[in-house]
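Here is a guided walk through one protein, written for someone meeting a structure like this early on. Take a look at the picture, and then read on.

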Amino acid sequence: MTVLVLGSTGSTGRRVADQLRSRDVPVRAASRFGDVRFDWSEPDTWAAALEGVSAIYVMAPDGVPVEPAFITQAVSAGVERLVLLSTMHPEEIGDDRLIAAEATVRDSGAEWTVVRAHWFNQNFDEGFFLPAIQAGRLVVPLADQRQAFVDATDLAAVAVEALLGDGHHTQTYDVTGPEALTFAEACALISTATGRDIQYDGTPEAYLATPGATQETLDFFLNQLSLGNAVPTNTVERLTGRPAIPFQTYANHAAPAWT
Ligand SMILES: NC(=O)c1ccc[n+]([C@@H]2O[C@H](COP(=O)([O-])OP(=O)(O)OC[C@H]3O[C@@H](n4cnc5c(N)ncnc54)[C@H](OP(=O)(O)O)[C@@H]3O)[C@@H](O)[C@H]2O)c1
């Protein structure tokens with residue numbers, strides 16, 4: 001089988017592709033600038049990416065919809081299995097894009113699994129929190145709410161099990177890390193890993209003073225606050241047979257990005 005990995009240069013796709021290769025599974029690593037060119041907004045890039053593919057790791061970056069026409073084309077081309085990266089609590093946080101993506105894969109006619117992720121650890125060293133951590137002050141208006149930060153390596157491992165293993169069809173997995181931490185605690189663990197002081201401010205006032213923040217983006221966080229503290233799941237251990245990666249282990253490994 002050849003697995004098409006979308007977002008193959010991104011936080012999860014890169015790890016999915018690496019883990020598949022380490023199990024000797026043929027991989028087509030695709031994105032706009034990946035080994036194979038694939039662009040969600042350019043349908044003429046889709047057919048070549050799909051040639052000879054039997055399963056797909058489906059991810060679309062923030063703000064980009066999973067195009068139903070692509071999924072239809074994939075199934076027509078012989079794809080039998082779809083594993084979609086989604087978010088935890090999409091209904092409660094009003095993530096219409098990922099609610100639609102989930103419906104698209106569930107209605108596709110192929111075998112499907114939905115991987116619903118909590119906040120990625122990698123937001124801190126590969127994603128949108130990186131400049132703030134480098135500057136020593138992170139502002140996220142989530143006060144002392146606890147988050148079950150999950151490592152992209154673990155998300156990828158769950159996705160790979162769903163792509164290769166049995167019994168995952170029609171499953172929707174909530175995937176978290178092993179502990180629920182406040183952002184202040186996460187920053188303290190990064191401080192321990194780096195020896196640098198990393199401050200956290202979780203107030204809406206501080207957030208609205210940051211560039212690009214609007215009442216609409218604040219409302220996204222306020223919706224999330226209404227969910228209360230996250231509760232870790234055992235999905236990683238159940239599917240992979242090994243415990244999920246603790247945040248401190250992640251931070252020690254990622255420390256060079258922050259120093
Ligand atoms: N961050 C979180 O805490 C979190 C939590 C839950 C769910 N999620 C979801 O996870 C997804 C992000 O996953 P990620 O972190 O693995 O991605 P990522 O690191 O942001 O990488 C995005 C990937 O998409 C590719 N890409 C960008 N524009 C594209 C386009 N028009 N067509 C095709 N590929 C394109 C990029 O490669 P090129 O630039 O080469 O195209 C890259 O490989 C989003 O849907 C987000 O909602 C995130």
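## A walk through the fold

Strand 1 (residues 2-6) runs parallel to strand 4 (residues 53-58), and four bridges join the two. Within this pair, Thr2 sits opposite Val53 of strand 4. Please keep in mind that you are looking at a predicted model.

These two strands belong to something wider: an open sheet of seven strands, paired in parallel, in the order 3-2-1-4-5-6-8. Its edges are strand 3 (36-37) and strand 8 (171-175), each of which has a pairing partner on one side only. What holds strands together in general? Strands of a sheet pair through backbone hydrogen bonds, in either a parallel or an antiparallel way.

Further along the sheet, strand 5 and strand 6 also pair in the parallel sense, over seven bridges. There, Leu84 has Val114 of strand 6 as its bridge partner. Is strand 6 largely enclosed or open? Six of its seven residues are buried, so strand 6 is largely enclosed by the rest of the structure.

### A helix on the sheet and the core

Helix 6 (residues 152-164) packs on the sheet, where it touches strand 1, strand 4, strand 5 (81-87), strand 6 (111-117) and strand 8. The direction of helix 6 makes about 170 degrees with that of strand 6.

The largest nonpolar core has 76 residues, and Tyr57, Val58, Val115 and Ala159 have the most contacts inside it. Which element gives the most to this core? Helix 6 does, with nine residues. If you would like one residue to follow, try Ala159: leaving aside residues up to four places away in sequence, Ala159 touches Val16, Tyr57, Val83 and Val115.

### Two domains

The protein chain is divided into domain 1 (1-117) and domain 2 (120-150 + 177-230 + 245-259). Their centres, taken over C-alpha atoms, are separated by 27 Å. Six residues of domain 1 are in contact with nine residues of domain 2. The largest nonpolar core draws on both, taking at least three residues from each of domain 1 and domain 2.

### Around the ligand

Now turn to the ligand. Of the 27 residues around it, those that come nearest are Gly7, Gly10, Thr12, Ser31 and Arg32. Helix 1 (11-22) and strand 5 each supply at least two residues of this shell. The largest share, three residues, comes from helix 1.

### Three residues to find yourself

Here are three residues to look up, with their surroundings.

| Residue | Other C-beta atoms within 10 Å | Class |
|---|---|---|
| Phe70 | 22 | buried |
| Ala143 | 15 | partly exposed |
| Asp24 | 6 | exposed |

Phe70 lies in helix 3 (residues 68-76). Phe70 counts as buried because 22 other C-beta atoms lie within 10 Å, and the cut-off for buried is 20 or more. Phe70 and Thr104 are 34 residues apart in sequence, while their C-alpha atoms are 10.0 Å apart in space.

The other two residues have a backbone angle worth a look. Most residues other than glycine have a negative phi. Asp24, however, has a positive phi of about 60 degrees although it is not a glycine. You will find Asp24 in the loop between helix 1 and strand 2 (27-31). Ala143 is not a glycine either, and its phi is positive at about 45 degrees. Look for Ala143 in the loop between strand 7 (137-139) and helix 6.

Note on methods. Residues numbered from 1 in each chain as written. Predicted model: local features only at pLDDT ≥ 70, side-chain atom pairs only at ≥ 80, totals over all residues. Pairing = 2+ DSSP bridges. Contact = placed C-beta atoms within 7 Å. Axes fitted to C-alpha atoms, helices over the stretch in contact; angles between N-to-C directions. Core = buried A, V, L, I, M, F, W, Y, C linked by C-beta atoms within 7 Å. Buried ≥ 20, exposed ≤ 12 C-beta atoms within 10 Å, placed from the backbone. Domains from an automatic or database assignment. Near = placed C-beta within 6 Å.
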